[in-house]
Amino acid sequence: MDRCTRRIGMSLLVAAVLLSATLAHPRAQATRTVWDGLYSGEQATRGQMLYAERCARCHGDALAGMESAPALTGTSFYSNWEGEALEALFERMRMSMPADKPGSLSRAQNADVLAFVLKVGGYPAGAAEMTGQAGTLSQVTIRMYRP
Amino acid sequence: MTLAAAVTMWVASEVHGQSGAGKGEWPTYGGDLGHTRYAPLDQITAANFDSLEIAWRFKTDNLGARPEFNLESTPLMVGGRLYSTGGTRRAVVALDAATGELLWVHSENEGLRGEAAPRQLSGRGLAYWTDGREERILYVTPGYRLVALDARTGSPVGTFGKAGIVDLKEDLDQQQLDLVNAPVGLHSTPIVAGNLVLIGAAFETGANPKSRRNVRGAVRAFDVRTGTLAWTFRTIPQPGEFGNETWENDSWAYSGNTGVWAQISVDEELGLAYLPVELPTHDYYGGARPGNTLFGESLVAVDLKTGVRRWHYQLVHHGVWDMDIPCAPILADITVNGRAIKAVAQPTKQAFLYVFDRATGEPVWPIEERPVPQGDVPGEKYSRTQPFPTKPAAYDRQGLAVDDLIDFTPALRAEAVTMIEKYRIGPIFTPPVVSKAEGPVGTLAMATQGAATNWPGGSFDPETHILYVHSQSQVATLGLVPPPDGAAPDVRFHQGTVLSGARRSGGSGSATGAQGGNVNTLEVQGLPLTRPPYGRISAIDLDTGSILWQVAHGETPERVKNHPLLKGLDIPRTGRTGNVGTLVTRTLVIAGEPGFGPTPSGQRGSMLRAYDKKTGADAGAVYMPAPQSGSPMTYMLNGKQYLIVAVSGASYSGELLAFRLPG
């Protein structure tokens with residue numbers, strides 16, 4: 001098996017494992033997860049612009065983090081947030097970010113930035129936008145792998 | 001000798017030994033002035049560790065205008081009071097050490113000066129001083145001011161400096177600094193020895209300097225009673241001073257950094273202070289500072305009373321890897337081949353433990369100059385050789401080889417090999433490259449920017465002569481790109497790659513965090529690029545220079561444990577990446593896990609772990625709601641042994657947890 005074929009093989013294996021997990025537990029989670037299409041593409045685009053202006057200086061263009069600004073994607077992000085409610089991440093942003101002017105973004109702006117973070121994380125977009133209204137994300141769980 | 005003088009000397013000798021924290025207290029950041037992080041306490045053992053429960057907890061959220069998520073303090077405990085820094089303004093609190101009740105709080109709102117500080121947030125802690133009558137707490141604010149407080153009340157000591165404060169931006173090695181904006185600060189603690197308080201300097205991250213000109217680091221000592229400057233040690237020697245000739249092209253005249261941002265250690269008997277010096281301006285490109293640039297990346301011993309250099313040893317010549325010296329030199333009295341040696345052992349980012357006779361600076365085991373790979377970055381002038389300790393062996397992986405890559409399955413290894421095809425790899429001291437899309441994109445290496453051991457350093461058991469140190473395996477990408485237009489006119493390169501662009505500022509509180517920029521962004525199917533262990537604790541016998549045992553520290557991360565491609569594989573505990581401080585007691589080595597992870601109860605959090613210090617065997621674990629972020633300490637009070645750990649993480653704001661046994 002050449003390298004390319006092998007990679008395709010692995011991808012199929014991942015897909016099969018994920019599919020079987022989904023079939024075995026069609027509604028294993030009563031709550032929703034970040035895989036449920038929580039934001040719109042347009043919202044993520046707005047969030048991307050805000051991120052570049054207000055967040056990238058510390059968290060990096062690739063959201064990889066640096067120094068005391070943690071990564072917003074990848075493995076260290078999941079180490080920090082796996083299993084947490086998305087509301088907790090939203091509140092973390094709303095109350096303490098940007099570090100140079102905490103609380104200066106509106107709820108809607110924070111929701112836009114969060115939409116961009118979800119998009120970079122590979123989570124699918126949906127039809128509706130996240131509103132950022134208090135409590136709306138408390139039943140949404142952050143999961144690295146699709147349940 | 002008067003009775004008062006005798007009492008004073010007794011107090012000083014009890015507090016400031018090199019044999020661990022005495023009297024059941026924890027009077028200085030490292031337990032003692034030698035940073036052994038050892039306490040000869042034995043109430044908490046392997047037999048009861050699992051039954052530890054929380055005695056009290058102290059949340060730091062409201063010590064600043066917003067919560068802090070990066071609490072790195074090791075508190076002190078003297079006379080039943082526990083002292084710590086905390087919160088985004090680096091406030092100081094005194095707590096009842098038995099109950100956690102808040103006794104007093106002191107906070108400085110430094111306004112624009114605080115906002116401009118290169119080292120923000122709560123820092124690593126503070127220092128305690130007493131003459132047997134008066135007690136003081138000393139700390140450095142984010143804005144780089146040294147504050148002396150009455151330890152009983154928290155009030156500034158009016159007779160110290162100006163109304164209790166010495167402005168550290170004044171009298172810094174004859175430099176005229178903008179008191180608000182000059183980018184210098186300090187996040188480590190002051191150290192008090194005798195009647196002097198020693199202070200280093202820290203700067204913005206050196207990967208993307210705005211200019212080759214920068215503030216010079218220097219170490220200063222102040223009178224602990226008055227705040228008067230006692231001496232200055234220049235880490236960048238001026239003309240006529242020893243080492244100035246190692247700065248070619250007069251680069252001494254404009255280069256900066258070269259500070260001591262890590263903890264300083266002191267041997268009061270020998271009258272020496274041990275300074276772990278970082279590298280000069282620019283962490284990854286040395287074209288503007290040709291030469292070996294003393295005292296960059298050198299361990300320097302200076303006379304405690306005068307600041308005059310007694311000896312030095314440069315660990316890295318002309319560094320371009322940001323190795324610095326990141327943590328406290330550990331003072332260790334050892335016996336090698338029957339000879340008693342007062343030694344100093346220096347853990348490092350590069351996973352070498354350098355061991356010297358601390359009176360003379362002679363290596364305890366030979367350190368050899370060996371040829372190292374040479375790079376091809378324009379304008380760079382590499383050192384042909386670097387020092388290699390012959391003992392102990394490196395305690396973690398260095399550089400990068402194919403054999404280091406992920407190996408859970410042949411397919412994952414193959415994917416990793418493909419992934420790094422456009423990168424340069426090699427042994428330790430393989431230099432950074434100018435990043436090119438066609439390759440090399442960067443040099444990949446462990447034990448550099450992704451430090452093996454960073455600021456928490458290690459511990460030493462003065463009874464068994466065994467040193468304990470945590471280290472991690474993190475791959476950093478060492479690439480260079482031109483700075484963005486106009487960002488740094490006299491700087492040729494910034495750290496970065498053609499894929500990520502030039503690195504931006506390290507940001508506020510930079511390098512107080514757990515991760516370095518551009519670290520470990522390469523992942524294979526969401527898994528780490530390298531094979532485990534990702535973090536480990538090593539026990540090193542300093543009488544023989546041999547590694548006695550190593551254990552992976554930290555439960556296997558969920559992303560590995562639950563990865564679909566690894567189902568059915570038997571994966572031993574992998575450890576986790578992060579910066580972890582250790583504590584040694586009579587029988588145990590104690591350290592919290594870095595990062596959030598799976599815990600036995602299923603709760604989200606992290607475990608505080610104990611190991612049998614002789615064998616490394618598991619000796620217990622207790623749940624914490626967030627990872628250890630400050631190094632643990634311990635004390636005895638009212639017949640009970642307490643363990644204190646600072647915890648925090650991106651999703652959990654700073655908190656001090658106090659554990660003790662039930663009943």
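How does the radius of gyration of chain B agree with that of a compact globule of 663 residues? Such a globule would come out near 26 Å and chain B has 23 Å, which agrees. The radius of gyration is taken over C-alpha atoms, and the globule rule is 2.2 Å times the number of residues to the power 0.38.

Before you start clicking: this is a predicted model, where local features need pLDDT of at least 70, side-chain atom pairs count only at pLDDT 80 or more, and totals for chains, interfaces and linings use all residues. Residues are numbered from 1 along each chain as its sequence is written, and chains are lettered from A and ligands numbered from 1 in the order in which they are written.

**Stop 1: chain B as a whole**

Select chain B. Its C-alpha trace spans about 75 × 65 × 55 Å along the principal axes. You'll find four helices and 40 strands here; helices (H or I, at least four residues) and strands (E, at least two) are DSSP runs, numbered from the N terminus. Of its 663 residues, 61% count as buried. A residue is buried if 20 or more other C-beta atoms lie within 10 Å of its own, exposed if 12 or fewer, and partly exposed in between, with C-beta atoms placed from the backbone. Among contacts between residues at least 6 apart in the sequence of chain B, 63% join residues at least 24 apart; a contact means that two C-beta atoms, placed from the backbone, lie within 7 Å.

**Stop 2: two odd backbone spots**

Go to R37(B), in the loop between α1 (3-15) and β1 (53-59) of chain B. R37(B) isn't a glycine, yet its phi is positive, about 50°. Is R37(B) buried or exposed? Buried, with 33 other C-beta atoms within 10 Å.

Now jump to L121(B), in the loop between α2 (111-115) and β6 (127-130) of chain B. This non-glycine has a positive phi too, about 70°. L121(B) also counts as buried, with 27 C-beta neighbours inside 10 Å.

**Stop 3: a hairpin**

Carry on to β6(B) and β7(B), which form a hairpin with four residues between them. In the turn, look for G132(B), with a positive phi of about 100°. Four bridges join β6(B) to β7 (residues 135-140), and the two run antiparallel. Strands count as paired if DSSP finds at least two bridges between them. Click A127(B) and you'll see L138(B) of β7(B) standing opposite.

**Stop 4: two open sheets**

Select β10, β11, β12 and β13 of chain B: they make an open sheet in that order, with antiparallel pairing. At the edges stand β10 (191-193) and β13 (229-234), each with a single partner strand, so one side of each has no neighbour in the sheet. Neighbouring strands here are turned by 20° against each other on average, direction ignored; the axes are lines fitted to C-alpha atoms, and angles run from 0 to 180 degrees between N-to-C directions. In the middle of your selection, β11 (residues 196-199) and β12 (residues 218-223) pair over four bridges. One pair to pick out is L198(B) with its bridge partner A221(B).

Further along, another open sheet of four strands has the order β34-β35-β36-β37 (chain B), again antiparallel. Its edges are β34 (583-584) and β37 (618-624), each with a single partner, so one side of each is left free of a neighbour in the sheet. Five bridges join β35 (residues 588-592) to β36 (residues 606-612), and A591(B) stands opposite R609(B) there.

**Stop 5: two cis peptide bonds**

Zoom in on L294(B) and F295(B), joined by a cis peptide bond with omega about 10°. F295(B) is in the loop between β15 (272-276) and β16 (298-303) of chain B. Then find P532(B) and P533(B), also joined by a cis bond, with omega about 5°. P533(B) belongs to the loop between β31 (527-528) and β32 (535-541) of chain B.

**Stop 6: chain A**

Switch to chain A, where six helices and two strands await, in the pattern α-β-α-α-α-α-α-β. Of its 147 residues, 39% count as buried.

Finish at α2 (residues 41-54) of chain A. Which of its residues are buried? Q43(A), A44(A), G47(A) and Y51(A). What covers them includes α3 (56-59) and α6 (107-120) of chain A. The face turned away from the buried side carries the exposed residues E42(A), M49(A), A52(A) and E53(A).

Notes: The expected span of a helix is 1.5 Å times one less than its number of residues.
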